Amino acid sequence: MTSATLDDKALLAVPEAPPPPPASTMVEVARKYGVSPFRQLSEMVRLNLGPGRLYLHEYYSSGLYDPAISMAEKRQYVGQKGNWNLNEDLSPKKLLTMHNFVANKVMYTSLIRQLGFRTTETQAVVSDSRRFGEIPAITQKSKLKAFLIGRARYPIFGKPTAYSGSFGSVLIRAREGEMLVLGNGRQISIDSFCDEIFAEYANGYLLQSALEQHPAMAAITGKAVGSLRIVTARQNTMPEVLYSLWKIPAPKAMSDNFWQDGSMIAPVDAMTGQVGQCRIGTGLKAADIDDHPVSGARITGFDVPHWEAARALVTEAHALFPEFGVIGWDVAMTPDGPAIIECNDNPFHMLYQLAYGRGIRNPEFTPVFERVAARSKALMAERKAQFKQRVKKHRR
């Protein structure tokens, strides 16, 4: 047994819904930025009623109290509701015949792997009802334990089949007897791990081979994979990269989601792959940093390896499903090049806003969104006309 800490919980817990900002936040903003509480409330109401649909906590986490940001610029930001509305305009659900398939992490990764795209390898799936062909389906705790002791190839990354945001995820580095060694150095008994999985995710949990991060990136951030979020938008011929960023894990985290304390985020130039100004924290706690807080290695100015291959990978993968107007890709940069971790049909554009310090509905992107939305409407009209024509022929 190693010196790792013992624990009875392995999975990353779902965070609680953000509470309303305390009155002290309003007071601190007024003191630091000279923005009166009345003006803060007025701006929050206007932004909540506007197309961005920002809530109170999103106003503060985005730093929109800053008087250096004009109201026109603030209106370019979206909150979670405005984010969903934007993506719905770009990829209307009525148009997405493949939506359920793409949302199925097992089916989607199996398909693109079969078609030659580099992606994650699913070793087994915990499921109390579904089967997955040659991929082992684990229906009982005893079978999960037998898999972890016998057939499992470590390291393994586990995650629920039906959630995003790293909720319920875990990185298992190795097995030592009856114990699992987690990516954050803690240990948990195999029995406790199996109990936890079946108590919370018996209807769907993936066990995948963990990807290894490129050594140049690992030298900066450590072994935990900090994925690249690359968002592509449908164009007339091939999809194109709209924007990209680097999600950098907190020093003791097992995944890279920005809502975890200590996580960092940085813009990545969509054409060159060069990393821009890195940021840690949000709102009043936000800070710009150039170097990693643990390794001391430079983040700002780093050139992501295999960048052209990553651009080609996600645009070719998007072209498999051209009915989607926009897709967000989580890409791991491995020693051998890029590999797709996940496909997100409702990309979380607030990450862009945090990384770039500007709203997603900016003058550069708005014309793109308008073209994509118009094309989606045209595709739906074409589909409706074809259906009517088939019905008309059938009646004859």
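This passage walks through the cores, strands, salt bridges and a few single residues of a predicted model.

A good place to start is the inside. In soluble globular proteins, nonpolar side chains tend to be buried together. Here, the largest nonpolar core has 35 residues, and Leu228, Trp246 and Trp329 are the ones that touch the most other members. Quite a few elements chip in with two or more residues each: α7, α10 (215-221), β8, β9 (240-248), β10 (264-268), α11 (307-318), β13 and β14 (337-344). The top contributor is α11, which gives 5 residues. There is also a second, separate core, made of 23 residues, and among them are Leu144, Ile188, Ile190 and Tyr201.

Trp329 deserves a look of its own. Setting aside neighbours within four places in sequence, Trp329 is in contact with a whole crowd, including Tyr108, Leu228, Ile230, Val314, Ala317, Ile340 and Cys343. That list is not purely nonpolar, either: Arg229, Thr232, His318 and Glu342 are also in contact with Trp329.

Arg229 turns up again among the salt bridges. Side chains of opposite charge can pair when their charged atoms come close. The structure holds 18 salt bridges, and one of them joins Arg229 to Asp330, with 2.8 Å between the closest N and O atoms. Arg229 sits in strand β8 (residues 228-233) and Asp330 in strand β13 (residues 326-334), so this salt bridge ties together parts of the chain that are 101 residues apart in sequence. Are these two partners buried or exposed? Arg229 has a relative accessibility of 6%, so it counts as buried, the cut-off being under 20%. Asp330 is buried too, with a relative accessible area of 7%.

Other salt bridges have partners with higher accessibility values. Glu121 pairs with Arg153, and their closest N and O atoms are 3.0 Å apart. This pair also links distant parts of the chain, 32 residues apart: Glu121 is in the loop between α7 (105-114) and β1 (122-126), while Arg153 is in the loop between α8 (141-149) and β3 (156-160). Glu121 is partly exposed at 27% relative accessible area, and Arg153 is partly exposed at 43%. Then there is the salt bridge between the side chains of Asp291 and Arg298, at 3.5 Å from N to O. Both ends are again partly exposed, with 34% for Asp291 and 48% for Arg298. Salt bridges can also join up into something bigger than a pair, and Arg39, Glu43 and Lys74 are linked in such a network.

What about disulfides? A disulfide is a covalent bond between the sulfur atoms of two cysteines. A search of the whole structure turns up 0 of them. As for individual cysteines, Cys278 is buried, with a relative accessible area of 0%, and Cys343 also counts as buried, at 13%.

Next come three strands that follow one another along the chain. Strand β4 (residues 170-176) and β5 are antiparallel and pair over 4 bridges; Ala174 has Val181 in β5 as its bridge partner. The two strands make a hairpin with 2 residues between them, and Gly177 in the turn has a positive phi of about 65°. On to the following hairpin: β5 and strand β6 (residues 187-189) run antiparallel and are joined by 3 bridges, with Leu180 opposite Ile188 in β6. This time 4 residues lie between the strands, and Gly185 in the turn has a positive phi of about 95°.

Which way do the side chains of β5 point? In a regular strand the side chains alternate between the two faces of the sheet. Strand β5 (residues 179-182) shows Met179 and Val181 pointing one way and Leu180 and Leu182 the other way, and all of these are buried.

Finally, two serines show how a small polar side chain can fit in. Ser91 lies in the loop between α5 (80-90) and α6 (99-103), yet it is buried, with a relative accessible area of 1%. A polar atom of the Ser91 side chain lies 2.8 Å from the backbone nitrogen of Gly325, and the side chain also reaches the backbone nitrogen of Val326 at 3.2 Å. Beyond four places in sequence, Ser91 touches Leu96, Phe324, Gly325 and Val326. Ser62 is found in another loop, between α3 (56-61) and α4 (71-74), and is partly exposed, at 21%. Its side chain reaches the backbone oxygen of Glu58 at 2.9 Å. Ser62 and Gly50 are 12 residues apart in sequence, and their C-alpha atoms are 16 Å apart in space.

How values were computed
Residues numbered from 1 in each chain as written. Predicted model: local features only at pLDDT ≥ 70, side-chain atom pairs only at ≥ 80, totals over all residues. Heavy atoms only, no water. Buried < 20%, exposed > 50% of the residue type's maximum accessible area, 1.4 Å probe, protein only. Polar contact = N/O pair within 3.5 Å; in protein donor to acceptor, adjacent residues only side chain to side chain. Disulfide = S-S within 2.5 Å. Salt bridge = Lys/Arg side-chain N within 4 Å of Asp/Glu carboxyl O. Core = buried A, V, L, I, M, F, W, Y, C linked by side-chain atoms within 4.5 Å. Contact = heavy atoms within 4.5 Å. Pairing = 2+ DSSP bridges.
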